Amino acid sequence: ESLLSKIGIRSDRTGNEPVGLMERGVIIQLLVNEGMLSRVGNDMIRFSHDSVQQSAYHLIPQPGRPAVHLRIGRDLRQKTQATEELDEMIFVVVEQYMAGI
């Protein structure tokens, strides 16, 4: 079962195919419209509630979770290039890196 079908989107994809950037944008906007995600600033999104985040996390197969954490840590680090932003996010970034190893 694909991730798209798990969130109610019909697709011919198998569960192992990567989702393209355009599709990601559509999925994110759909989840924002449904109230599951909210936008924070220009480039960041946040789950609307902890239970939504936990449910999404449990959709990720256990063996793939470290890679997801590592990618999140790298993305956060890249998006927080300014020193002030990094000061605010450093513990979140390090937490993601640690979960990725």
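In this predicted model, I90, F91, V94, M98 and I101 make a nonpolar surface patch of about 570 Å². Two of its members can be placed further. I90 is found in helix 5, and with a relative accessibility of 33% I90 counts as partly exposed. V94 also has its place in helix 5; its relative accessible area of 39% makes V94 partly exposed. Patch members need over 30% relative accessible area, and the values for I90 and V94 meet that cut-off.

V94 can also be located relative to an earlier part of the chain. R77 and V94 are 17 residues apart along the chain, and their C-alpha atoms are separated by 9.2 Å. R77 falls within the span of helix 4, residues 65-79.

**A charged patch**

Helix 5 covers residues 83-99. A second patch, negative in character, is formed by E84, E85, D87 and E88. D87 has its place in helix 5 and is exposed, with a relative accessible area of 55%. The cut-off for exposed is over 50%, so D87 at 55% falls in that class.

**A buried histidine**

Which helix holds H69? H69 lies in helix 4, which spans residues 65-79. Is H69 buried or exposed? H69 is buried, its relative accessible area being 14%. Buried means under 20%, so H69 at 14% qualifies. Once neighbours within four places in sequence are left aside, the contacts of H69 are Y57, Q96, A99 and G100. One of these, Q96, falls within the residue range 83-99 of helix 5.

**Helix 2**

Helix 2 runs over residues 21-33 and includes Q29. Q29 counts as partly exposed, at 32% relative accessibility. Between the C-alpha atoms of Q29 and R39 there is a separation of 9.5 Å, the two residues being ten apart along the chain.

V32 lies in helix 2 as well. Its relative accessibility is 21%, and V32 therefore counts as partly exposed; the buried class is reserved for values under 20%. Apart from neighbours within four places in sequence, V32 is in contact with L37 and R39. R39 thus appears both as a contact of V32 and as the partner in the C-alpha separation given for Q29. V32 has a separation of its own to a later residue: the C-alpha atoms of V32 and S48, 16 residues apart along the chain, are separated by 8.9 Å.

The accessibility values for the residues discussed are set out here.

| Residue | Relative accessible area | Class |
|---|---|---|
| V32 | 21% | partly exposed |
| Q29 | 32% | partly exposed |
| H69 | 14% | buried |
| D87 | 55% | exposed |
| I90 | 33% | partly exposed |
| V94 | 39% | partly exposed |

**The chain as a whole**

The secondary structure comes to five helices and two strands. Along the sequence these follow the pattern α-α-β-β-α-α-α. The protein has 101 residues, of which 17% count as buried, H69 being one of the buried residues. The accessible surface comes to about 7900 Å², and 55% of this belongs to carbon and sulfur atoms. When contacts between residues at least 6 apart in sequence are considered, 22% of them join residues at least 24 apart. The contact between H69 and Q96 joins helix 4 to helix 5.

Key
Residues numbered from 1 in each chain as written. Predicted model: local features only at pLDDT ≥ 70, side-chain atom pairs only at ≥ 80, totals over all residues. Heavy atoms only, no water. Helix = DSSP H or I, 4+ residues; strand = E, 2+ residues; numbered from the N terminus. Buried < 20%, exposed > 50% of the residue type's maximum accessible area, 1.4 Å probe, protein only. Contact = heavy atoms within 4.5 Å. Patch = residues over 30% accessible without salt bridge, like charges linked within 9 Å, V, L, I, M, F, W, Y side chains within 5 Å. Areas by Shrake-Rupley, 256 points an atom, 1.4 Å probe, with all protein chains shown as cover. Salt bridge = Lys/Arg side-chain N within 4 Å of Asp/Glu carboxyl O. Lys, Arg positive; Asp, Glu negative; His and termini not counted. Charge placed at Lys NZ, Arg CZ, Asp CG, Glu CD.
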